[in-house]
Structure formats: structure tokens, C-alpha cells
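The following exercises practise the reading of a protein model. Each one gives a task and then a solution in steps.

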Amino acid sequence: MDKFGKSQPVKRIEDQRFLTGQGQYIDDDVPGDALFAAFFRSPVAHGKIATLDLDAAREADGVRLVMALDDLSASGIDTVLNAAIVTNRDGSKAAAPDRHMLAKDRVRFVGEPVAVVVAETQAQARDAVELIWMETNDLPAKLDLDAGGETLHEEAPDNRAFDWGMGDETATEAAFQDAVHTVELNVADNRAIIASIEPRGCRASWSDGRLHVAYSGQGVWAMRGQLAQKLKMEAEAIRVTTPDVGGGFGMKVMPYPEYFCVAVAAMRLGQPVHWMSDRSEAMLSDHHGRDLTSFAEMAFDADHRITAYRVHSKVNLGAYNSHFGQAIQTDLFSKVLMGAYDVQTTYLRVEGVYTNTTQVDAYRGAGRPEAIYVLERILDRAARELGVDPWELRRKNFIQPEAFPYKTATGETYDAGEFDMVLTRAGEQVQGFADRKAADAKRGLIRGQGLCYYIESILGDPSENAKIELREDGTVNLYVGTQSNGQGHETAYTQFLSGQIGVPMDQITVIQGDSDQLPSGGGTGGSRSVTLQGTATLATIDVMIAAFTPYLAGKMGVEEADVSFDHETFRAPGSNLTPTLIEAAEMARADGRTDLLQHEAHITLEARSFPNGAHVAEIVIDSYTGETWVDRYTVVDDFGNLINPMLAAGQVHGGVAQGIGQALSEHVVHDAQGQLLTASLMDYALPRAVEIPMIKFTSAPVPSTTNPLGMKGCGEAGTVGALAAVANAVQDALWDHGVRQADMPFTPHRVWELLTHGSVAAD
């Protein structure tokens, strides 16, 4: 590809192989001598294991190994998964129960792995799993979000995992006492299944004293560290790789029990061992998302300016602590608790509760989408109760551009933003709502409009690495520490590097997902990838140019200070020699200067950046059936500077689709015994293409000041804004019909009940 202007909408280069079936996923590269693993999972939500008989499975055709926890422990490994623990509001440590890689003595959710079978074929492994006999002394299932009920862990007799708080409780209470107006709202955020197009899977092999684990995940170095710690090995003796990944969504960050079991099996048997979950197995055992309730309160002065905000959330952790700990959950919630608004005092209380369900993803248990959802829902309620235009209520309370950098009441510093400008541009694109609403009413349809102004934080691991290799054939390899899960990283990184060094895109190859290629990397999560990796790549280019400069000064016969690089060629006054980077590499190779052919850099960003934007949804409800659909969707986002606007738009489209799905149809349901009733795509209602409208996306960049590229990230922004925008639109449509409380998911039956009875029967 020839040169082009920067920040242009270049088509995704990886799509050529993906759309022609040339992608290489975990299940596409199974070694010919591989054995296959299958897991016996608990069929009950809660019970003490009375009998676990593995003998029939061990004698089955083709079976090479069967392990329960005792067998796994006999390998000498640490079978307890990590989980960070927060400090409670009273200064005590939160509950810290052990979660073993296979169940110990008791099972705590349907789908919990109890034993693993390894056989010569996948069919043999699955058949042998059916021969395992387990008897349990069943215990009552705990499913609600209140403390109490049947105890899951001795460390938490009331099932409260933690009771964490932040902010100034006393000042917040005083502000409420002095408030002219107060508004309160109970908000439910329904549980969702992260149904990535490719389920989880892994493969392990053992050769010459070295372990190789390949898995479908979001980064390799954290996984290598966990494997080294639990298997009691040196990290250098472990190689972790990740091939193409069909979706991650935060759910694939965690080191799950299966990965360790497969690694131990490969080491014991001396053959590669492969495992791939099927869809129902994934829906049972993958970490779910969200599932919390929040009681939110907001205080206003006489001029409708927010003076204080208070939230008490109860979070469903599932049966165990999140792998990365509640610290991440509460941290992410606090970063954007105040949204885009100038509020002087706040108090947040989060209670984590154990239930007999699979775990909730640490990045969605109480994170950015949840915080913004609660905030924007209560702002919408406040506008209605106070008789204020919801757009103007937000404008009145926005942090003003001259106030940046702005330190929020939660201690976070927002670096840059022009929220009113972004909201105004959104308003310009949604004119004519009143006319559309009137036209629908004549046909028995109810139209509502919902607004959400979101802000989110990006960073995750603040450090990243990059390596650039100048190859003999004139091509360039870029080694990165992040991991694409379908976002288009190859295109973004190639486009960025091409624009910086003048090498055509088709001569650049991005290499990712291999712990042997870089000393470390932060993986993908928290919308960090392009910002961090772009900054690391830029730093590597600086190292490379600095290394070439003295060498080329000698070739040009000039002083080092006179040599410059203009993103295309090296130049110096008084010299006719103007080599490109590739030509300079050829010269260095001919002179034996191989040290100039490979360069690395490590960077650490000191502060976060904060993407923000306005989402406006228009929904239509059939008043006779309750059928609800999104008719129009408009987004104006401030993502800072963009490398490729087309990729940013694609990320927004995907995120909005995910948000619409949760708002209108997706909902995890367990019965009273803790059995998952939505364990297949026949029962779990993912959104379909026909249910997603055309999404209008506009970029309104205000460059970040916290990184040299001025980027703000965009990976999760669509979902963060979509939940509240759609929910507020439904509430807007139902308000004139007397409905004062409407919670997701807005299924036809639920909306019909609201219209008919003003309330919804308990699920």
C-alpha cells in the first residue's frame, strides 16, 4: 500500500484471512499426537461431595489420565487460584476463601470443574466424563444479593464478601441535609453472559524441560506469571502463546482452572493435551458480567446544581472472589463515579455478596458501564421529578473546559474535555423527535428518547513494550505486548508505524501473543491497547532513529546534530545522501552493524485518559404487544486523536450492539436450585442484526494531555453509553403512561406488563 494521510479510514488488513477462513484459532491447530481433555462439572449448585468415583472413567477406552483435586495436588503444584482482597469500610480485611482449580469437598455452582479426563480422542474423553459418579449432600442455593442465607464459605458466614466504601460520608450526608431537592432511585443491572464467538480453549505441551501453553486469551505474560507461580517453575521455562482470538470482552483475561489442569496433564503424560469448551459449557463456566443492584441518591441546590451523590451497590460475585480481586472492581467503579459532572462530595458503598452462581468478571462486576448506568439513570429521573430538560440539567452540571485538569470528588484527575461541545453536536443530529413521536402515536406506537453522557477511564497496566525488527528482505516486524481479540489491532499498529517511518503497510507485519518475543506486555483490556502500544511503538522509533543517527552522520560526512528524519528519509544539510529507513538498514547490514537492525523500548504512562461522549437512543414500543426496538441511534464521541476512524466506528458499533442486547433481551436466569436456565443460544437472547439500527457515529476529538499521541481509547465506550441511553429512552416512552420504574431487560412481556399493570412480576 502506498503512502496516505494520517488518521485515515484504512480497511482492516486482517479481514482478508478472517473472511476467507484462514484465521488460526485454538481449535484450528491441534497437533497430530495431541490428547484431548474434558471436564466433569458439578450438576448441582451447592452441596458437600459425599462420593466421587473415578474408577470407571479411568478404565474407559482411550483414557490416559483422570485427575480430581487430590491427584492435581500430588503433582506438587499450588492449586489455589489468586484473588486480591480489599479492605472493608471498618478497616478489616474482606473474606478470602480459597478457590481450588478443581472442587475441594464442596461444589458451589453448577458447572464448577470437579475432575478432568484426558483421552486419545475428544469423544472418548467426553464419554469417560459421563462415567464419573458423584454423590452430594445437597445444600440450599443462595441466589439473592442480600447478606445471609446458606453459608458458602466459612470465612464469610453471612455471605458478604466485602463491604467497601470510598468518599467523604460525613460531608455527603451534610450536603444532603442542606439540599433543596433530593432524588433517589433503585437501579437493577441485569447479569449478562459474555458470548464470544470463539469459546475458551487451550493446549499445552512439554518438551526438553519446557512448557508451552497456547490459549484463547487477552495477553500472555500475566498467564505465564500465573503458570510459573502455581506450577512452581521458573517463568523462563514457560512459553505462552495466543493465536487468533474470536472475542474476549474482558472475560478471557483470567487464568481459569482448566488452563492449569491441561498444563499438568501435558507434563505428566509427555504429550500435547488440547481442550476446547462447547457453547453450553462456556455459558456455565465462563465469568458472567454485571449483576448488581444500586440505591442511588442525588442532592441539588435551588438552581438544580448537583451538590452531592451517594450510591449503595450490592454486587453478585458468584461463588468465589474474582480472580483479579474486588480491588479492580471497586477501583474501576470509582474512576468514573462522577461522570462528566462537577460534584463536590460523594460517597460510594459497595457490598460484594457470594451466591451459588459462576463468578462475575472482574471488569464488569462493578466497573465503568455499571457506574455510568446508575449515574445517568438517576440524572434522568431527577430531570423528570424536577421538571427540568434532561439535556439542560446535564449542561448546567458539566465540568467546564477551563476547569481542566479537574480533580474529582473521588480523587481522580480528568485531563481534558469539552463536554458541552460534544453534547451540542449530538443535539444537532437528533432534531425532529417531537414530530416522529406524534406520527408514531397515530399508529398506536410509543416513541421515547434517551440520553446518556458517559465518561470512562482507560489504562489498565500503565506499562507496555514494543520491538521493531528491520529484516533482510526489506520488510519490518513490529512485536507488540497487547493481544487483538478482533478489534483490528494489526491494521491500527501497521498504519501508525507506516506513517511514522515511511514503510508501506504491506511491508509491515505485526507479531503478537508470544511471551518469548518480548520481556513483558500488558495484554488487552480496559481500552488500553492502541494508546499504550502506540506510545511504546513511538518510543521504539525514537530509540531506532537515535541509534541510526551517528552511524548515518559518518556516512553523510556531517555532524550528528545535523541529521534528521522526516518520517520518510534521513536528511542533513550539505549531504546529497537521503536514505529511507530500509535503505539505511541495508547499509548497516552491509557494514556488519547488526546492532542497528533491532530495537526495543518500554514505556509507562503516569496518568489515565478519559474518553467521553453523548449517546442518544430513540426507541419505539408497540403499545398492544410490548414489543420494543431501537429505531435511531446517534453517538458523538471524544476519543482524542484517532489513528483510524473506521476502526473507532467499528468499536462503537460493536459496543452499542452489546449494550442494546443487554437492555432489550439478554438476561441470565437461574431457577431456585441454582440451575442455569439460559445455558444455550436457544434460551439466551443475544441481539440479532435485524434488531440493531444504523448507528451514526461522529468523532469530536479533544486530545488527551496524558500521552504523547493525544489518544483516549474507545474499546468499551459503546457499551458504557448504550445501557443508560436505551434504558432512559424506554423510561421516557413509559413515563406518560404512569410507569415510574423500568429496569432492563425490556423484553416484550416485561414492557407489556409495565404498560398494563405499571409493574413487573418477579422473575
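**Exercise 1. Place E198 in the fold and describe its surroundings.**

Solution. Step 1: E198 is found in the loop that connects β9 (192-193) with β10 (201-207). The structure is a predicted model, and this position is read from its coordinates.

Step 2: Is E198 buried or exposed? Its relative accessibility is 8%. Buried means under 20%, so E198 counts as buried.

Step 3: The partners of E198 are considered next, leaving aside neighbours within four places in sequence. E198 is in contact with Y25, I26, S216, D244, V245, G246, K252, M276 and R279. With G246 there is a specific approach: the side chain of E198 reaches the backbone nitrogen of G246 at 2.8 Å.

**Exercise 2. Trace the chain through β10, β11 and β12, and state how the strands pair.**

Solution. Step 1: β10 and strand β11 (residues 210-215) run antiparallel and are joined by six bridges. Within this pairing, S205 stands opposite H212.

Step 2: The two strands form a hairpin with two residues between them. In the turn, D208 has a positive phi of about 55°.

Step 3: β11 also pairs with strand β12 (residues 238-241), in the parallel sense and over four bridges. L211 has I238 as its bridge partner in β12.

Step 4: Helix α6 (residues 221-231) completes the picture, since β11, α6 and β12 make a right-handed β-α-β unit.

**Exercise 3. Determine the environment of D514 and identify the partner of its side chain.**

Solution. Step 1: D514 lies in the loop between β23 (508-511) and α15 (529-556).

Step 2: The relative accessible area of D514 is 9%, so the residue is buried.

Step 3: Beyond four places in sequence, D514 is in contact with V220, W221, R239, V240 and T241. With R239 the contact is polar and joins the two side chains at 2.6 Å.

**Exercise 4. Describe the sheet that contains β23.**

Solution. Step 1: The sheet is open and has four strands in the order β23-β22-β21-β26, with mixed pairing.

Step 2: Which strands form the edges? They are β23 and β26 (598-604), each of which pairs on one side only. Neighbouring strands of the sheet are turned by 20° against each other on average, with direction ignored.

Step 3: Strand β21 (residues 463-470) pairs with β26 in the antiparallel sense over seven bridges. S463 stands opposite T604 in β26.

Step 4: Helix α14 (residues 489-501) lies across β21, β22 (476-480) and β23, and runs at about 130° to β23.

**Exercise 5. Compare the accessibility of N159 and R160.**

Solution. Step 1: N159 lies in the loop between β6 (133-138) and β7, while R160 is found in strand β7 (residues 160-167).

Step 2: N159 has a relative accessibility of 0% and therefore counts as buried. R160, with a relative accessible area of 28%, is partly exposed.

Step 3: The backbone of N159 deserves attention, for this residue has a positive phi of about 70° although it is not a glycine.

Step 4: R160 is in contact with A95, A147, E351 and G352, apart from neighbours within four places in sequence. The side chains of R160 and E351 are joined by a polar contact of 2.6 Å. R160 and A147 are 13 residues apart along the chain, and their C-alpha atoms are separated by 5.6 Å.

**Exercise 6. Locate the cis peptide bonds before P405 and P745.**

Solution. Step 1: A cis peptide bond joins F404 and P405, with omega about -5°. P405 lies in the loop between α11 (390-397) and β18 (406-407).

Step 2: M744 and P745 are also joined by a cis peptide bond, with omega about -5°. P745 is placed in the loop between α18 (717-735) and α19 (748-757).

**Exercise 7. Decide how far the model may be read in detail.**

Solution. Step 1: The chain averages a pLDDT of 93, and 96% of the residues score at least 70.

Step 2: pLDDT stays under 50 over residues 1-5 and over residues 362-366.

Step 3: Where pLDDT is low, the predicted coordinates should not be read in detail. The model has 26 contacts beyond four places in sequence for residues 362-366, and eight for residues 1-5.

Notes:
Residues are numbered from 1 along each chain as its sequence is written. This is a predicted model: local features need pLDDT of at least 70, side-chain atom pairs count only at pLDDT 80 or more; totals for chains, interfaces and linings use all residues. Side-chain values use heavy atoms; hydrogens and water are left out. Buried means under 20% relative accessible area, exposed over 50%, partly exposed in between (1.4 Å probe, protein chains only). A polar contact is a pair of N or O atoms within 3.5 Å; within protein, one must be able to donate a hydrogen and the other to accept it, and residues adjacent in sequence count only if both atoms are side-chain atoms. Contact means heavy atoms within 4.5 Å. Two strands pair if DSSP finds at least two bridges between them. Axes are lines fitted to C-alpha atoms, for helices over the stretch in contact, and angles run from 0 to 180 degrees between N-to-C directions. pLDDT is the predictor's confidence in each residue, from 0 to 100. A crossover is right-handed if, with the strands pointing away from the viewer, the path from the first strand over the helix to the second runs clockwise.
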